[in-house]
Amino acid sequence: MAEHYGKIPDKFTKAWWEYFWEYYKIHTIVIVLIIAAVAITVYQVMTRTKYDYYITYTADMYLDEEKMSSVLEPLIDDIDNNGEKNIDIQDMVFSENEEDAEFFTAMITKLQLQFVSDECMLFIFDSDKAKYLFNNDTLEGAFKPVSDWSDSDIDESRLYNFNDMGYAVSLADSQMLKDAGINADDLYVAVRDYNTDDEEVLRNIETAKKIANALIK
């Protein structure tokens with residue numbers, strides 16, 4: 001049986017507004033909330049920072065992302081042609097001494113998930129995190145040998161070796177990072193290996209090589 005609302009007053013009169021609010025206030029509130037949610041979502045999408053390049057950083061110590069971004073952004077292309085160059089540093093800072101076992105496990109998982117996508121091709125890490133990147137059978141072949149991307153001969157003492165092959169270079173002597181005031185004494189840089197014909201991914205790999213070569217000078 002249809003709900004009976006009584007006689008409907010003339011539209012837009014005082015009595016009609018009272019009638020409308022009495023019977024339709026819940027509907028109105030729900031619609032307003034939906035419109036507000038959509039508007040907020042659209043605003044966030046339109047105004048959020050659009051990144052041209054992604055870098056994975058994992059270590060015990062936090063990185064000054066603002067300084068690092070300012071150093072590296074001149075080396076990348078303005079992919080989205082918005083007049084800005086923006087780098088997103090995927091920051092994964094954790095230690096084996098973490099009291100929160102769930103947090104530690106979550107960070108390891110997050111780090112390994114970086115290899116599921118083809119988004120990030122440049123990795124910066126400390127010696128402690130190297131074992132999660134190299135001493136892992138599932139990640140075998142994940143990085144290019146340094147000889148495949150370095151533009152110059154690298155002293156053996158600067159290499160991070162795995163299975164008798166250098167896959168990363170120490171940034172301890174990086175003049176670029178020293179000039180920026182970034183402590184890189186225990187940091188290494190590595191370029192991800194990825195077999196693909198996708199032009200965008202190949203461009204990202206070339207950019208990773210360019211950045212890595214700039215950093216190791």
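1. Contacts of Ile124. In this predicted model, Ile124 is in contact with Ile55, Thr56, Tyr57, Thr58, Met68, Leu171, Leu187, Tyr188, Val189 and Leu215, neighbours within four places in sequence being left aside. Ile124 is also one of the residues that touch the most other members of the largest nonpolar core.

2. The largest core. This core has 36 residues, and besides Ile124 those touching the most other members are Tyr53, Leu72, Leu122, Leu171 and Val189. Two or more residues are given to the core by each of S1, H2, S2, S3, helix H5 (146-149), strand S6 (187-191) and H7. H7 supplies the largest share, 7 residues.

3. The second core. Separate from the largest core is a second one of 22 residues, with Ala130, Tyr160, Ala168 and Ala190 among them.

4. Helix H2. The residues Met68, Ser69, Val71 and Leu72 of H2 are buried. Viewed down the helix axis, the buried residues of H2 fall within an arc of 160°, so they line one face of the helix. Their cover includes S1, strand S2 (87-93), S3, helix H6 (175-179) and H7. Two of the residues named here recur above: Met68 is in contact with Ile124, and Leu72 is among the residues with the most contacts to other members of the largest core.

5. The S4-S5 hairpin. Strand S4 (residues 159-162) and strand S5 (residues 165-170) run antiparallel and are joined by 4 bridges. Tyr160 has Ala168 in S5 as its bridge partner. Both Tyr160 and Ala168 are included in the second core. The hairpin has 2 residues between its strands, and Asn163 takes a positive phi near 55°.

6. Aromatic pairs. There are 14 aromatic pairs in the structure. Phe125 and Tyr188 are stacked, at 5.9 Å centre to centre with 15° between the planes. This pair links distant parts of the chain, since Phe125 is in strand S3 and Tyr188 in strand S6, 63 residues apart. Phe125 is buried at a relative accessible area of 0%, and Tyr188 is buried at 16%. Phe134 and Tyr160 form a tilted pair, with 5.1 Å between centres and 35° between planes. Here helix H4 contributes Phe134 and strand S4 contributes Tyr160, 26 residues apart. Phe134 is buried at 6% relative accessibility, as is Tyr160 at 16%. Ring pairs link these four residues with Phe115, Phe123, Phe143, Phe162 and Tyr167 into a cluster.

7. Salt bridges around Lys129. The whole structure has 5 salt bridges. In one of them, the side chains of Asp60 and Lys129 meet at 2.4 Å, N to O. Asp60 lies in the loop between strand S1 (53-59) and helix H2 (65-72), and Lys129 in the loop between strand S3 (122-126) and helix H4 (130-134), so the pair ties together parts that are 69 residues apart in sequence. Asp60 is partly exposed at 34% relative accessibility, whereas Lys129 is buried at 0%. Lys129 forms a salt bridge with Asp128 as well, the closest N and O atoms being 2.8 Å apart. A network of salt bridges links Asp60, Asp128, Lys129 and Lys131.

8. A salt bridge in H7. Glu206 and Lys209 form a salt bridge in which the closest N and O atoms are 3.2 Å apart. Both residues lie in helix H7 (residues 199-215), 3 residues apart, about one turn of the helix. Lys209 is buried at a relative accessible area of 18%, a value under the 20% cut-off. Glu206, at 46%, is partly exposed.

Methods:
Residues numbered from 1 in each chain as written. Predicted model: local features only at pLDDT ≥ 70, side-chain atom pairs only at ≥ 80, totals over all residues. Heavy atoms only, no water. Salt bridge = Lys/Arg side-chain N within 4 Å of Asp/Glu carboxyl O. Buried < 20%, exposed > 50% of the residue type's maximum accessible area, 1.4 Å probe, protein only. Pairing = 2+ DSSP bridges. Arc of directions from axis to C-beta. Contact = heavy atoms within 4.5 Å. Core = buried A, V, L, I, M, F, W, Y, C linked by side-chain atoms within 4.5 Å. Phe/Tyr/Trp six-rings, centres within 6.5 Å; stacked < 30°, edge-to-face > 60°.
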